[in-house]
Amino acid sequence: MAKSRSIFEDVGAGGATPPPVASRPVERRYPRRAIAVWLAILFALLVAMIAVGGLTRLTDSGLSITEWNPVSGALPPSDAAAWQSEFDKYRASPQYAELNQGMTVDEFKAIYWWEWGHRQLGRAIGAVWAIGFLWFLVRRQIPPGWTPRLLGLGVLGGIQGAIGWWMVTSGLRTGMWSVASYRLAVHLGLAFLILGLIAWYVLRLGRSEAELLQARRLRNETLIRWGTVLMVLAFAQILLGALVAGIDAGRSYTDWPLMGGEVFPSTAFNLMPVWSNFLDNPGLVQFNHRAVAYLLALLGIIAFIRSRSSSMVAIRGAFAAMLTMLMVQVGLGIGTVMHASPLSLSILHQLGAVALFTLIIRARFAALYPQAQKIARGR
C-alpha cells in the first residue's frame with residue numbers, strides 16, 4: 001500500500017533536486033542620455049566659439065597675438081613690461097603698419113582680449129571633451145561602436161586648432177593685413193562639420209538603439225534625400241559666407257535685390273588670374289553668396305511642401321521649423337547687406353546659420369528615424 005503524504009510536504013523532499021532555471025543574461029545599460037548631455041555642453045561651447053570668432057574677425061582682433069603657444073599662451077600678460085612685449089610683437093606685423101599705426105597699448109589690449117578669449121574658449125572645449133571622454137571611457141560606459149565617434153570629435157578639434165593657426169599665419173606675412181579668405185572658410189567649415197556631427201550624435205543618443213532600429217523601418221526616403229541636399233547646400237553657403245566675411249564683401253554692395261544697380265556686377269571678373277575672382281573679388285563673392293541663398297530658399301520651400309504629405313507629425317514639424325528659420329535667415333542676410341554688415345546684424349546672421357544648419361540636420365534625422373506617434377481614436 002502506498003504511503004500517504006502530507007499536503008504540506010515539500011514536493012522536492014526526498015526526491016531528485018530539480019535542475020536550476022537558466023537565467024537570461026542581463027543586457028548592459030549605457031548612460032546614453034548622460035553622454036548626450038555632455039555633447040550638448042560641447043555643442044553650446046562651440047556655438048559660443050563661433051560667435052566669439054566672428055566678433056574677433058569683425059573687430060580686426062584675430063592677428064593681435066602673433067604666436068601660437070598652446071600651453072603658456074593660456075596666461076595673459078601680467079604686468080606693463082609683458083604687455084609692452086606683446087604690443088611690440090604686434091607692431092612688427094603688417095596689420096599694424098596698414099591698419100593700426102599709432103595705436104596705444106591700451107587700444108591694443110582691447111583687440112588682444114578678443115583673440116585671447118577666442119583661444120581660451122578653444123582650450124575650454126578641448127578640456128571638456130577630454131574630461132568627458134576619459135570619464136566615460138574609464139568607467140566603460142561608452143556604448144558599443146561609439147568610442148571611435150567620440151574620439152573622432154577630439155581629433156577634429158585638435159586639427160581645428162592647427163588650422164586656426166594656419167589661418168592666422170596667412171595674415172602675418174609681408175603684404176598682408178588680414179587672413180586669407182579661403183583659410184577662414186576652411187576654419188569655419190571644419191567648425192560647422194564638428195557642430196553637425198555633435199548635433200547628429202545628440203539626436204541619436206537621445207533614443208535607444210532598439211528604438212532607432214524600429215524607427216528606421218518607417219523612414220521616408222524622399223525626405224531623407226531632400227534633407228541631404230539641403231544639408232550639403234547649406235554647408236556650401238556657410239563656406240561662401242566665410243569668403244564674404246574674409247574680404248568684407250558684405251560692405252561692398254549694399255543695395256538689394258540689385259548689386260550696384262546691376263543684376264550681375266560688372267566688376268565680377270576684374271582680377272587676374274580669373275579663378276582668383278571666386279575668392280577675392282567682392283562683387284563675384286557676394287553674388288555667389290546671394291545666388292546660393294536663393295537656391296537654398298527655393299529648395300527649402302519645395303522640401304517643406306513635400307513634407308506635408310507625410311503622416312508623421314514629427315517629420316512635418318521638423319521641416320516646418322527648418323523652413324521658418326530659413327526665411328528668418330534670408331531676412332537677416334538681406335538686412336545685413338543693406339546696412340553694410342554692422343557688427344550686431346553680422347553676428348545674428350552667423351548665429352542664424354548655426355540654427356538653420358542644425359534644424360536641417362534635425363529634419364533629416366526626423367525623416368530617417370521617424371518618432372513613434374499614437375493614433376488618435378475617434379469618439
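In the predicted model, R207 is found in the loop that separates α6 (181-205) from α7 (209-216); helices are DSSP runs of H or I with at least four residues, numbered from the N terminus. The structure is a prediction in which local features need pLDDT of at least 70 and side-chain atom pairs count only at pLDDT 80 or more, whereas totals for chains, interfaces and linings use all residues. Residues are numbered from 1 along each chain as its sequence is written, and side-chain values use heavy atoms, with hydrogens and water left out.

R207 has a relative accessible area of 9% and is therefore buried (under 20%, with over 50% exposed and values in between partly exposed; 1.4 Å probe, protein chains only). The side chain of R207 forms a polar contact of 3.3 Å with that of E211; such a contact is a pair of N or O atoms within 3.5 Å, one able to donate a hydrogen and the other to accept it. A polar atom of the R207 side chain also lies 3.3 Å from the backbone oxygen of P370. Beyond residues up to four places away in sequence, R207 touches R32, L212, A215, F365, Y369, P370 and Q371, contact meaning heavy atoms within 4.5 Å.

Helices α10 (residues 282-307) and α11 (residues 313-338) pack at an angle of about 155 degrees, their axes being 9 Å apart. The two helices are therefore roughly antiparallel, a term for angles over 145 degrees. Among the residues that meet are L296, I301 and F304 in α10 and F319, L323 and L326 in α11. The residues of this contact comprise 13 nonpolar, 3 polar and 2 charged.

Definitions and conventions
Axes are lines fitted to C-alpha atoms, for helices over the stretch in contact, and angles run from 0 to 180 degrees between N-to-C directions. Angles under 35 degrees count as roughly parallel, over 145 as roughly antiparallel, 65 to 115 as roughly perpendicular and the rest as oblique. Ala, Val, Leu, Ile, Met, Phe, Trp, Tyr, Cys and Pro count as nonpolar, Asp, Glu, Lys and Arg as charged, and the others, Gly among them, as polar.
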